[in-house]
Amino acid sequence: MSAQTVLIVDDEPDIRELLAITLSRMGLESFSAATLDEARKQLTQVKPDLCLTDMRLPDGNGIHLVEYIQQEFPDMPVAMITAHGSVETAIAALKAGAFDFISKPIELERLRSLVSSALRLNEGTPSVEPEADGDDLRLLGSAPQIVALRAKIAKLARSQAPVHIQGESGVGKEVVARLIHANGPRAAKPFIAVNCGAIPQELMESEFFGHLKGSFTGANRDKLGLFQAAEGGTLFLDEVADLPLAMQVKLLRAIQEKAVRPVGGSSEQATDVRLLSATHKDLAAEVAAGHFRNDLYYRINVIDLRVPSLRERSGDIPELANALLRRVCRDLGVDAPAIAPDAMAALQRCTFPGNVRELENVLERAVALADGDTISEADLQFTDRLDTAHKLLGEPSETPPDITAAFGNLEGYLEDIERRILQAALEQCRWNKTATARLLGISFRSLRYRLQKLHIED
């Protein structure tokens, strides 16, 4: 079997020689070019498995080469060599389609890790098509938005660029993040997901970066942080908009320096993670409102990926409903009932503000209520849910709410409604949070997060 090949593009002979020696010790064959023109010729003649290019070249810059490779050799990974601390250059390279970047002076261990990851892309073609059954890591549906999303996931899986996943609550943002990880070169390494809104503020630094024994009261042993736990793999920050500003500063440094300092530690530890993030909020609006740092926004939002809501692809509901029903019944250890035509029609008429997660909750309740082996429209209890919502708000079901009160203060208006619903539901359940979550059709974790967000105490 012939050795894999790497094209080195740099106008400094010393850099080319250093890279060639390092690659040779990895069992790789290398070719060199000092200009863009030479690089284009080598690409055509050699067709390497990987290209490493400097940013500044005598006849142009590396971005032009990245764009050329993306157009002519889309399956070839290309990594950019940038000046130390040149964050804007690195982001521009990733946006242009670079697999990853490495800064000068080049750290050989980091270089070897980057090259190994890039070459693993050629070992197999990623597939994000849904599997037949038995696997929760699926993106079901045939709507044009979902087909396009699968194609984007397959492309992003071949990159190391930070991706920010946008979408309403319950659309499956974590499923998308897991698919990006599972179809990329880091698939064999850990995928660590964390809900940023669920970590107490005083514990955030320890959770993210770890701590040393004795660094604070109660620290009776060393503890690895999330960055260390995700070493070599992917760190997924869900609801990243909920990070407090003080933590945003520390996270930005960790991303830029690719290193973290544990609480109580005197030195930084190098880290190698791919960062994915998500939120149901408009992150650009959070930046404009001063709730999210502009510099952090541009570091995590190198590539933006939107997951469509369920109401945008209602034609996928039958396939989703049947798959979710099988999963619910499998977890309950019962046979899956059929969904009657009138029930399926009702599901397709529903707007599902809670998206796929709400659809799953509806089906789980319907399984418990159904008599026999068929779920009817009555088992879905859509009418009961609407009446309960009106009762919790203290409004008669036939009286529409005054939506003009939301003009100019939509966020505050919605939070007030949510607060009233939660307080009424808690009182109805005598402050039993498990029962309250069940009444509202949400998870216990979601309820706890909402109570913390709205400062509702016992």
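A pocket, on a 1 Å grid over the protein atoms alone, is an open set of points with protein on both sides within 12 Å along at least five of seven lines; a cavity is a set where a 1.4 Å probe fits but cannot get out; lining residues have an atom within 4 Å of a point. Volume is the space filled by probe spheres set on the points, which are joined across faces, edges and corners.

This is a predicted model: local features need pLDDT of at least 70, side-chain atom pairs need 80 or more, and totals for chains, interfaces and linings use all residues. Residues are numbered from 1 along each chain, and side-chain values use heavy atoms, without hydrogens or water.

Start with the second largest pocket. Its volume is about 630 Å³. It has 24 lining residues, and S103, E107, Q256, E257 and K258 are the closest to its centre.

Now the cavities. The search finds two of 30 Å³ or more. The largest holds about 270 Å³. Its lining has 18 residues, with I255, K258, V273, R274 and L275 nearest the centre. The second largest cavity is about 30 Å³. R274 is among its lining residues too, as are H181 and T234.

Last, helix α6, residues 144-156. Helices are DSSP runs of H or I, at least four residues, numbered from the N terminus. Which residues of α6 are buried, meaning under 20% relative accessible area with a 1.4 Å probe, protein chains only? I146, L149, R150, I153 and L156. They sit on the same side of α6, because their arc, taken from the directions from the helix axis to the C-beta atoms, is only 130°. On the other side, P144 and K155 are exposed, over 50%.

Note on methods:
Helix = DSSP H or I, 4+ residues; strand = E, 2+ residues; numbered from the N terminus. Expected span 1.5 Å × (residues − 1).
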